[in-house]
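Me: I have a structure open and would like to talk through how its parts pack together. Shall we go through it step by step?

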Amino acid sequence: MAIGVFDSGVGGLTVHRELVSRFPERDFIYLGDQAHAPYGGRDGEDIVNLTRAGCETLFRAGASVVVLACNTASAIALRRLQQTWIPAFSKEMGRPLNVLGIIVPTIEAATGLPWSFEAEREGRLEGHKKESIDITGVFCTAATAMSRVYEIEIDKRREDLAVFTEACPGLAGLIELGAPEDELRVVVRDHVDALRRRIGRHPDKAILGCTHYEIVADLFAGALPDGVQVISQPKAVADALERYFDRHPEYDLGNSQRRDFLTTGQPGPQSDLIAQFWGAPLSFSAA
């Protein structure tokens with residue numbers, strides 16, 4: 001048994017690395033759907049079907065819990081899978097199974113409030129609008145931007161936070177292909193500047209709402225002025241998963257420190273960019 005980590009490609013390695021650091025004794029299986037990456041430009045039904053297929057592969061390989069280390073999959077597919085697929089598939093497999101996303105922990109980190117806060121809240125916080133509203137900028141794929149999940153869910157919890165989303169079409173694909181750093185730096189700076197022009201100033205906080213972007217987090221930090229807090233999505237996910245496992249001891253997560261890396265694409269070594277991020281060469285096996 002193991003913890004499964006799923007992404008359209010290599011971006012989920014950012015979350016995987018943090019989870020391994022947090023749960024070093026546990027078994028892990030990583031699956032990158034590189035045959036269909038990136039997901040950001042695909043339609044919703046396609047994203048749901050590809051995500052379900054990836055999760056099924058991981059469950060059949062021994063995962064008990066699958067973390068969707070992909071904002072696009074979390075925004076578009078997670079609820080459908082949890083409500084309409086997991087109950088029957090868990091029964092078929094004869095053991096507890098679940099799929100978890102990464103957007104909820106990120107919103108909790110961005111707002112400083114638990115996800116349940118919205119359900120407990122009665123109406124708006126009248127009379128508490130601040131003269132100075134903090135601005136959170138979200139850099140993400142086109143599909144995540146179209147879902148408006150960050151704007152909607154943050155606004156439910158914090159009326160003193162304004163959210164502006166900057167879709168970055170093509171950036172995840174460039175990272176997936178291991179584009180040169182100079183090329184990536186120009187693209188990142190262009191998107192940071194586009195968001196600044198739209199807002200009228202730089203945001204107070206930034207969310208890298210695509211796990212691929214965490215691989216080049218240093219480029220975002222370099223393009224943003226000093227003082228802008230970049231929220232760490234991998235850390236937020238690890239914190240939330242630790243709390244989740246404390247509440248749900250029924251999941252068998254293995255304890256042999258298994259580390260498997262699978263791909264639906266071309267197996268073999270990953271790009272130099274990934275090797276640099278990972279700290280060592282990394283090779284995927286065929287799923």
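Me: Leaving aside neighbours within four places in sequence, which residues is Leu-19 in contact with?
Reply: Happy to help, and do keep in mind that this is a predicted model. Leu-19 is one of the residues with the most contacts inside the largest nonpolar core, which has 51 residues. Beyond its sequence neighbours, Leu-19 touches Val-5, Phe-28, Val-67, Val-237, Ala-238 and Leu-241.

Me: Which residue of β4 is the bridge partner of Val-67?
Reply: Strand β3 (residues 63-68) has parallel pairing with β4 (residues 98-100), over three bridges. On its β1 side, Val-67 stands opposite Val-5. Its partner in β4 is Leu-100.

Me: Why is β3 largely enclosed by the rest of the structure?
Reply: Strand β1 (residues 2-7) runs parallel to β3 and is joined to it by five bridges. Buried here means under 20% relative accessible area. β3 is largely enclosed because the number of its six residues that are buried is six.

Me: Are α2 and α4 roughly parallel or antiparallel?
Reply: The axes of α2 (residues 44-60) and α4 (residues 78-93) come within 12 Å and cross at roughly 25°. Angles under 35 degrees count as roughly parallel. The two helices are therefore roughly parallel.

Me: What is the handedness of the crossing of α2 and α4?
Reply: Where these helices meet, the α2 residues include Val-48, Cys-55 and Phe-59, and those of α4 include Leu-81, Trp-85 and Phe-89. The crossing of α2 and α4 is right-handed.

Note on methods:
Residues are numbered from 1 along each chain as its sequence is written. This is a predicted model: local features need pLDDT of at least 70, side-chain atom pairs count only at pLDDT 80 or more; totals for chains, interfaces and linings use all residues. Side-chain values use heavy atoms; hydrogens and water are left out. Buried means under 20% relative accessible area, exposed over 50%, partly exposed in between (1.4 Å probe, protein chains only). Helices (H or I, at least four residues) and strands (E, at least two) are DSSP runs, numbered from the N terminus. Two strands pair if DSSP finds at least two bridges between them. A nonpolar core is a set of buried Ala, Val, Leu, Ile, Met, Phe, Trp, Tyr and Cys residues joined through side-chain atoms within 4.5 Å. Contact means heavy atoms within 4.5 Å. Axes are lines fitted to C-alpha atoms, for helices over the stretch in contact, and angles run from 0 to 180 degrees between N-to-C directions. Angles under 35 degrees count as roughly parallel, over 145 as roughly antiparallel, 65 to 115 as roughly perpendicular and the rest as oblique. A crossing is left-handed if the near helix is turned anticlockwise from the far one by less than a right angle, and right-handed if clockwise.
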